[in-house]
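Please look through the model shown below before reading on. The paragraphs after it explain some of its parts one by one.

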Amino acid sequence: MGSAAGTTTLGTSTAPSGLAPGEIATELGPRADAGDARCVEALATLTWALSIALASVVNVVGLSSVVLGGHLATLEPLLHDELVDRVQRRVLGSRWDPVRIRPASDDAGVSATGAAFLVLDDVVRHPATWLRA
């Protein structure tokens, strides 16, 4: 996805968004929203590439919902309509069960809950080892 937003594999190019690699996550959305033509085009390319990747995973795994996290969550309001349209056209079963796409919550509690479940994973998988006789 980096090349769609404006970096290359080596992370040295600023094309097509015109942004430096360190600026892409924070500046692409605001500049595209403000009408910067290069950022708007980069966002369109990102949406196209992301729709192909997401639809491929949805078709193989059979997901009904996709949650965009990280920098994609911040871009989601700008991507949403076009991304949903493109994904629906590529997902085989979307006519009967449309795929829902939404941004991840920015609630810190979500991350804390995930971390807690990760720590407790061994307890859940092997509860007998945690019980005293």
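What follows is a walk along the chain, with a look at helices, strands and salt bridges.

The model is a predicted one. The walk begins at helix 2, which covers residues 24–33. Four of its residues, Ile24, Leu28, Gly29 and Ala32, are buried. Viewed down the axis of helix 2, these buried residues fall within an arc of 110 degrees, so they line one face of the helix. Thr26 and Asp33, by contrast, are exposed on the other side of helix 2.

Helix 2 also holds a salt bridge, between arginine 31 and glutamate 27. The closest N and O atoms of this pair are 3.4 Å apart. Four residues, or about one turn of the helix, separate arginine 31 from glutamate 27. Arginine 31 has a relative accessible area of 30% and is partly exposed. Glutamate 27 is partly exposed too, because its relative accessibility of 27% falls between the 20% limit for buried and the 50% limit for exposed. Just after helix 2 comes glycine 35, which takes a positive phi of about 100 degrees.

Helix 3 spans residues 37–61, and a loop leads from it to strand 1, residues 65–68. Glycine 62 is found in this loop. With a relative accessible area of 58%, glycine 62 is exposed. Leucine 92 is 30 residues away from glycine 62 in sequence, yet the two C-alpha atoms are 9.8 Å apart in space.

Strand 1 has two faces that differ in cover. Val66 and Leu68 make up the covered face, while Ser65 and Val67 make up the uncovered one. The partner of strand 1 is strand 2, residues 100–103. The two strands run parallel and are joined by four bridges. In this pairing, serine 65 stands opposite arginine 100 of strand 2.

How do the two strands fit with the helix named alongside them, in a right-handed or a left-handed unit? Strand 1, helix 4 (residues 70–90) and strand 2 make a right-handed β-α-β unit.

Helix 4 has a salt bridge of its own, formed by aspartate 85 and arginine 89. Here the closest N and O atoms are 2.9 Å apart. Both residues lie in helix 4, with a spacing of four residues, about one turn of the helix. Aspartate 85, at 37% relative accessibility, counts as partly exposed, whereas arginine 89, at 58%, counts as exposed.

Further along is helix 5, residues 108–125, which contains both aspartate 121 and arginine 125. These two residues form a salt bridge whose closest N and O atoms are 2.8 Å apart. They are four residues apart, about one turn of the helix. Aspartate 121 counts as partly exposed at 30% relative accessibility, and arginine 125 counts as exposed at 59%.

How many salt bridges does a search of the whole structure find? The search finds five. Among them are the pair of arginine 31 and glutamate 27, the pair of aspartate 85 and arginine 89, and the pair of aspartate 121 and arginine 125.

Methods
Residues numbered from 1 in each chain as written. Predicted model: local features only at pLDDT ≥ 70, side-chain atom pairs only at ≥ 80, totals over all residues. Heavy atoms only, no water. Buried < 20%, exposed > 50% of the residue type's maximum accessible area, 1.4 Å probe, protein only. Arc of directions from axis to C-beta. Pairing = 2+ DSSP bridges. Right-handed = clockwise from strand over helix to strand, strands pointing away. Salt bridge = Lys/Arg side-chain N within 4 Å of Asp/Glu carboxyl O.
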